[in-house]
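Let's take a walk through a protein together. Have a look at the sequence and the fold first, and then we'll go from the whole down to single residues.

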Amino acid sequence: MPRSRRVGMTLLASSVAAVALYLFACTPGRPVSTMAGASDAASRVYVAPGAMDEYYAFLSGGFSGQVAVYGLPSGRLLRVIPVFSQNAENGYGYNAETRAMLNTSFGEIPWDDTHHPSLSQTDGMHDGRWLFINANNTPRFARIDLTTMETVETLEVPNTGGNHGSPFVTENTEYVIGATRFSVPIPQADIPITDFAKSFKGTISFIKANEMGQMDVAFQLLVPGFNYDLGRPGKGPSHGWAFFTSYNTEQAYTKLEVNASKNDYDVIAAVNWKRLEECVASGTGRNWPANYAHNVYSHATHSATSEMKKTVKVIEPDECEGSIYYLPTPKSPHGVDVDPTGEYIVGGGKLATVIPVHSFSKMMKAIEAKAFEREIDDIPVIKYSEVMAGEVQNPGLGPLHNEFDDKGCAYTSVFISSEIVKWCFSDFTVVDRIPTYYSIGHLMIVGGDTKKPTGKYMLALNKITKDRYLPTGPELAQSAQLIDISGEKMSLLLDFPTIGEPHYAQAIEASLIRDKQVKFFQLAENTHPYVARTEADAAVSRSGKTVHVKMTAIRSHFAPDNIEGVQVGDTVLFHVTNIEQDWDVPHGFAAMGSWSDAELLVMPGQTRTLKWIPKFPGVYPFYCTDFCSALHQEMSGYIRVAPSGRSVVLQATTSPRAAAAGGAQ
Ligand code: K7E
Ligand code: CUA
């Protein structure tokens, strides 16, 4: 299609789009012709009481900052894993042990916005070791250990504004990749925003990820100041490359809705990271001063530590020839996805009237033949005709993201027309479509980003639910929909609500991680500085104005259970060790008037600290918050607080050592 006609189509598309959005969003009870017969669908998602799901699915929590773990096909919520937001439910991000996970160059940050869960891979397949996820707002990466489902590592990324196109893993988890969504002055500086085109830059970052506790920015490629939206590494033949969409090649800095939507073609950046490795190894690039936090959680001390990193390796494209090329891509592309064979690079041109598909092998030939149409800041732009494998016509309005099945077909989520379209690489023709309810963002097929996706289930991850659930005031749940993709036609099986906003998700066979789950932590291996491994270790001690309470919790009492000798002006640190050595016996801990920290939820063998700063004299109860036993209500104690300056001997009952130290006044 000639470019001029395509522009016309695009304009048409936007007006049709508005109408379609209206229709889809406001028509209650649309007939569900694409749904499997209700009883048939029910039997396919039914997981009987006591039976377990076939897959774990990890859904991003969007603006909740967390990750939600669901079972598939049932859609049952199994757990919320706190990552980038404080979680009052278990004290993550409040207590001394976990706060450091939220540390950044800006200090501790209580919240962020997660978008893309990404499972670790070996040889292009999910291996069940880790899950990575990004923080979009204050740019960070996190690693979740899939044996404990805890966040064990977070890394801030410097020279980045909006860590959106991340953290997609390479074939052997060599790197998780990331790109800056918002270009910013790099390094940061106080300059006029009107200097955007001249002074703002983007970066593409490669984060070393293959060793626990060792995440680091291996190198950053400094790129023109566009908005880099999403990325995907290559696989198979394209292993060693990574692809990033960019919108706003217009370099607009105001009214982006209009001003960043002018060009018919933006670009996908094709980055050869193996080439970058060679350049770095031969001394190319400079170590720029930087300041970014690396936070690591230890299962020995049950505590996180934070370290500030001070330099980062930055390379510019002209210093490393062959490290980056631009592929023209219509129009303001959002997603970019690489098919299971590694040959096709599929864009999600959200304002385009086609789904553009690039060919990796054509790209390599074009590079060899230097089939370039121009350069942008020393970066060769390959001719569209020389890299394009096909354009999928009639994709719907607003294609965003793609996933793949095991039969050579792709599925594209289409936001404005609220649907998924299925098409195949054999002829780039749409063969099926199914409505989603409503306004789908990402979609996910189990194993959909691996070399061998499964061909059974797909999730639609939707932004708007409107009339799908019982209404809950102005704020409604977002939702996922489970779709059967085993046949020629897609069929809807199930709706279930999600936490926050589910952007992307990934799922893995339960058998790959179920049996590796840690059931409790070995008390003997707990090296927390204030661990109390037995009740005999329980103690109170004073150091200036700080009172340390080493406390044990076991069904159904705390030791010590009564504490005296604290005064207003003191800070009390309750270090609570759960000394159970059995599965599924957490104890909670909360003290009245705790105004800085949330409760503790302490797993067996673990130590957690509640900071408690009394404001008024009196006697205050504390108690176990988790109904752990028949005598759970008895699991409580008191702390007595004297007025400031009144000396009361520090003592604790049921703590043999402390009791020996002195008596009450
Ligand atoms: Cu499309 Cu942040 Cu991946 Cu949401 S992004 S939809
Ligand atoms: Cu321990 Cu309730």
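Below is a tour that begins with the chain as a whole and then stops at a few places inside.

Before anything else, keep in mind that you're looking at a predicted model. The protein chain folds into eight helices and 47 strands. How does its overall spread compare with that of a compact globule? A compact globule of 665 residues would have a radius of gyration near 26 Å, and the 27 Å of this chain agrees with that. If you draw a box around the C-alpha atoms along the principal axes, you get roughly 90 × 65 × 45 Å.

Now for inside and outside. Of the 665 residues, 59% are buried. The accessible surface adds up to about 25,300 Å², and carbon and sulfur atoms account for 56% of that. The chain also makes plenty of long-range links: take the contacts between residues at least 6 apart in sequence, and 64% of them join residues at least 24 apart.

Let's zoom in on strand 9, which covers residues 150-156. Is this strand enclosed or open? Seven of its seven residues are buried, so the rest of the structure largely encloses strand 9. On one hand, strand 9 pairs with strand 8 (residues 140-145) in the antiparallel sense, over six bridges. One of the matched pairs here is Asp145 with Glu150. The hairpin that these two strands make has four residues between the strands, and Met149 in this hairpin takes a positive phi near 55°. On the other hand, strand 9 also pairs with strand 19 (residues 286-298), again antiparallel, through three bridges. There, Leu155 has His294 as its bridge partner.

Next stop: an open sheet of four strands, in the order 22-23-24-27, with antiparallel pairing. Strand 22 (333-338) and strand 27 (388-393) sit at the edges with a single partner strand each, so each has one side without a neighbour in the sheet. Leaving direction aside, neighbouring strands in this sheet are turned by 20° against each other on average. Within the sheet, strand 23 (residues 344-349) and strand 24 (residues 354-359) run antiparallel and are joined by three bridges. Ile345, for example, is matched with His358 in strand 24. And what lies across these strands? Helix 6 (residues 360-368) lies across strand 23, strand 24 and strand 27, running at about 60° to strand 24.

Finally, look at the aromatic rings, which form 30 pairs in the structure. Tyr55 and Tyr457 make an edge-to-face pair, with 6.1 Å from centre to centre and 85° between the planes. Tyr55 belongs to strand 1 (residues 55-60) and Tyr457 to strand 33 (residues 457-462), so to speak a link between distant parts of the chain, 402 residues apart. Tyr55 counts as buried because its relative accessibility is 6%, under the 20% cut-off. Tyr457 is buried too, at 7%.

Another such pair is Tyr70 and Phe496, which is tilted: the centres are 5.0 Å apart and the planes make 45°. Tyr70 is in strand 2 (residues 67-72) and Phe496 in strand 35 (residues 491-498), so this pair ties together parts that are 426 residues apart in sequence. Tyr70 is buried, with a relative accessible area of 2%, and Phe496 counts as buried at 4%. Elsewhere, ring pairs link Phe558, Phe574, Phe589, Trp612, Tyr620 and Phe622 into a cluster.

Notes:
Residues are numbered from 1 along each chain as its sequence is written. Chains are lettered from A and ligands numbered from 1 in the order in which they are written. This is a predicted model: local features need pLDDT of at least 70, side-chain atom pairs count only at pLDDT 80 or more; totals for chains, interfaces and linings use all residues. Side-chain values use heavy atoms; hydrogens and water are left out. Two strands pair if DSSP finds at least two bridges between them. Axes are lines fitted to C-alpha atoms, for helices over the stretch in contact, and angles run from 0 to 180 degrees between N-to-C directions. Contact means heavy atoms within 4.5 Å. The radius of gyration is taken over C-alpha atoms; the globule rule is 2.2 Å times the number of residues to the power 0.38. Buried means under 20% relative accessible area, exposed over 50%, partly exposed in between (1.4 Å probe, protein chains only). Accessible areas come from the Shrake-Rupley method with a 1.4 Å probe; for residues, only the protein chains shown count as cover. Rings of Phe, Tyr and Trp (its six-membered ring) pair if their centres lie within 6.5 Å; planes under 30 degrees apart count as stacked, over 60 as edge-to-face and the rest as tilted.
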